[in-house]
Amino acid sequence: MFSSLMPQRREFYELLAAHSEKVAAGANATLRLINGLDDGGANAAALVAEVNLNEKNADEIKAKVIARLHQSFTTPINRDQIHSLISHLDMTLNVLQSVANAIDMYGIKQSTVEAREMASLSADACMRLNRAVAALGEKGRGAETLNLCKEVENIESKADKVQQKAIAALFQPGANVWQTMKMREFYSLQESVLDCCQDAAKMIEEILIENS
Amino acid sequence: MEGLNMSIWTLALLIAVALAFDFMNGFHDGANSISTIVATGALTPKQAVLFAAFFNFAALWVFQLKVAATIGKGTVDPSFVDYYVIFGALVGALAWNIITWYYGIPSSSSHALVGGLVGATVAKAGSGAPIVWEGFGKILAFIIISPLVGVLIGGLLMVLVAWIFRNKSPYQAGKWFKGGQLFAAAAYSLGHGGNDAQKTIGIIWLLMITAGVATKDVATLPSWVIYSCYFAIAWGTYLGGWRIVKTMGTKITKLNAISGSCASMGGAITLGLATLGGIPVSTTHTITGAIIGVGAATDVKAVRWAITMNLLVAWVLTIPAAGLIAAIFWYLGTKFL
Amino acid sequence: MLPKRAEFFELLAAHSERVLAGANAMQRLINSLGDGTQDLAALVKEVNMNEASADQIKADLIEMLHKSFVTPLNRDQVYALTLDIDRVMNAVQDVAQAVAIYNVEQATSESRELALRAVEACLRLSRAIGSLKEKERSEETVNLCSEIERIEEKSDLVIQRAIKALFQEEGDEEAALRAVGLRQFYALQEKVIRCCKASAQMIEEILIQNA
């Protein structure tokens, strides 16, 4: 009744959408990085730099959101929900950055089918997150957004299975110990990306449910 | 005519019951004005009840006795009223107040009183009861109008404040409201004292007209009646404030210093207008309306509609229930007094 | 029944002070690995003692949360923050105990640096909680929280460097064993700082909610 007369502060939606776009871009660069390893990884350094840049930009957006939260009388969704969502999104990108940097850290020279599959699943999940966050401010698109969140959760459980398969392959008799250790760590970082996506998706669901 | 036979002792007893009703009103409703200042920690509960009681009494110097006039001669025909009717009305209203107070339902003592008066009158006269429809109709209409006005003013105040402070966080904005909140609560307590003490003044006036010790002219009303009524409500507020604080401040919607100020101010303005216009309204309805208005502006989900519905049901019941109890006591009164 | 504002904050502050003391002992433990100057067992004991004391404070806090009618901050948030701080303490304890478990005989320079960062983060955490009770100091609190996040970012780089060094040369079985052990050890060290960051974000959230 009166709520439509209040200051709307839609910039929060815009900032959240901008942040999730950086996450999607980071996931995309990570995917290209992993896929490109087998072609000699000529672009690897540039792609890692791209992920790092996205992370840095996203950090700035997050800082802006938090500053704005301290300078706004009204917010379109609850303050703590905005904060939680941006934190989950930020965490996703941080882990993506860890994945990208892990390639040099572990000296990974070649990707595996599973690593590529995990990377493409996380790119999918981040893309859906981006679309869900972008639609968050539009009243009529609740069902669509909720659907996207469900898809993110499905992608996460799919990735779980891929990871199991990948780890099983690592521990076959006769495997190289060093290779196994490195890839084991690498896969769990990849899996964390999807866990973070799932957390973010759940947060979006919570927001939708509370504001529907 | 019983009225002419009324002994000085009966008169004194009924005035005492009326003052007890007035006291109960403060006991029952006084918390409304302070619930937000206590919930936000601006004052301790003890300070807050003292504060509210003071402004309840101070209303004495602010408002004319227009509401008293509406109750005293504008609801039922004074020439028809006898002390059984007044006895029934007061006891009915008191009983209903105690019931709702016990269950923590912020119902309206004003409507309980009016319901009691009309109920006892109808019990005495049957269907042709001499109800003054102009006054009673006005009261009935304002059952609906006063909370709506409260919603409107409370909501609009909140919108206004949100625009003024749009680039400040609620905490930063809240600093501006430390004084504002007390001001709003003071205004609200003035409105409460003004409107509600006058209802009892009206009843005692009616009683005195019936007993033949006063006439319809305000000048014939002794000033000690006015003072003691204002004192009784202030004392009631002082003693009973804490009980309903919880329902009003936390159950309907979460209030902070700012929304609390807007709600109190919305309630105060509505009450002030009604008191100036001589319309007895429910202070409870008014503040609840204002709280809902503020809640609707800040976050619709913040208004607990289920609890609001509970309140509405209690309000709809108030006039008939108090009327029924009043009728029973009128009957018992004629048998045993 | 009514708010015992000061007591809540005192307990929260005491809790985070134990964490800081524990982190301090943990750092001394790591720094003195291999030089034989310190009684390592005594340092582990010191960490454990702080953990036990922190546990007691946590229990008191939670009991108070259950008993109080009004809490100075949102009840859920105080609870969440208490758990977050407790996680830091447990992570610190895990590091101290891992020294023996993974048979870490010599601290790497990265380990020392991570321990230093952990203490820095815990120090800021305890200061942030100290300033939390005064709303006027919220800017200071926010700054401390973002400093913790910066520390976390910095320690990320340290870990990357550490792990890279660990896996660079694929040596014999003994080297592999050492790499696995240290990898776990670094992960535990990282976790301390991660938990500090989570606590910092919780504080940020509390400030925003009460803004």
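This passage describes helices, ring contacts, an internal cavity and selected residues in a predicted model with several chains.

In this predicted model, local features require pLDDT of at least 70 and side-chain atom pairs pLDDT 80 or more, whereas totals for chains, interfaces and linings use all residues. Residues are numbered from 1 along each chain as its sequence is written, chains are lettered from A and ligands numbered from 1 in the order in which they are written, and side-chain values rest on heavy atoms, with hydrogens and water left out.

Chain B contains 14 helices and 0 strands, where helices (H or I, at least four residues) and strands (E, at least two) are DSSP runs numbered from the N terminus. Of the 337 residues of chain B, 60% count as buried, a term that denotes under 20% relative accessible area, with exposed meaning over 50% and partly exposed the range in between (1.4 Å probe, protein chains only). One of the helices of chain B, H12(B), comprises the 20 residues 257–276, for which a rise of 1.5 Å a residue predicts a span of 28 Å, and its end C-alpha atoms are indeed 28 Å apart; the expected span is 1.5 Å times one less than the number of residues. H12(B) is mostly covered, 16 of its 20 residues being buried, and just after this helix Gly278(B) adopts a positive phi of about 75°.

Over all chains, 12 aromatic pairs were counted, a pair being formed by rings of Phe, Tyr and Trp (its six-membered ring) with centres within 6.5 Å, and planes under 30 degrees apart counting as stacked, over 60 as edge-to-face and the rest as tilted. Among them is the pair of Trp178(A) and Phe167(C), which is edge-to-face because the ring centres lie 5.9 Å apart and the planes stand at 90°. Since Trp178(A) belongs to helix H6 of chain A and Phe167(C) to helix H5 (residues 138–168) of chain C, this pair joins two chains; both Trp178(A) and Phe167(C) are buried. The rings of Phe57(B) and Trp61(B), with centres 5.6 Å apart and planes at 80°, also form an edge-to-face pair, and Trp61(B) is exposed, with a relative accessible area of 60%. Elsewhere in chain B, ring pairs link Phe23(B), Phe27(B), Phe231(B) and Trp235(B) into a cluster. The charged end of Lys124(B) sits over the ring of Phe80(B), 4.3 Å from its centre, under the criterion that NZ of Lys or CZ of Arg is within 6 Å of the ring centre and within 35 degrees of the ring normal.

The search for internal space gave 1 cavity of 30 Å³ or more, a cavity being a set of points, on a 1 Å grid over the protein atoms alone, where a 1.4 Å probe fits but cannot get out, with lining residues having an atom within 4 Å of a point. The largest cavity holds about 50 Å³ of space, the volume being that filled by probe spheres set on the points, which are joined across faces, edges and corners. Its lining includes Ala27(A), Thr30(A), Leu96(A), Ser122(A) and Gln190(A). Helices H1 (11–36), H3 (79–105), H4 (113–135) and H6 (177–211) of chain A each supply at least two residues of this lining, and H1(A) gives the most, with 4 residues. By class, the lining has 7 nonpolar, 3 polar and no charged residues, where Ala, Val, Leu, Ile, Met, Phe, Trp, Tyr, Cys and Pro count as nonpolar, Asp, Glu, Lys and Arg as charged, and the others, Gly among them, as polar.

Backbone geometry was also examined at individual residues. Most residues other than glycine have a negative phi. Arg9(A), which is not a glycine, nevertheless has a positive phi of about 50°; this residue lies in the segment before H1 of chain A and, at 12% relative accessibility, counts as buried. Asn103(C), likewise not a glycine, has a positive phi of about 55° and is placed in the loop between helix H3 (75–101) and helix H4 (109–132) of chain C, where it counts as exposed at 52% relative accessibility.

Lys45(C), in helix H2 (residues 40–67) of chain C, is exposed, with a relative accessible area of 62%. Gly142(A), in helix H5 (residues 142–170) of chain A, is partly exposed at 22%.

Key
On a 1 Å grid over the protein atoms alone, a cavity is a set of points where a 1.4 Å probe fits but cannot get out, and a pocket is an open set with protein on both sides within 12 Å along at least five of seven lines; lining residues have an atom within 4 Å of a point.
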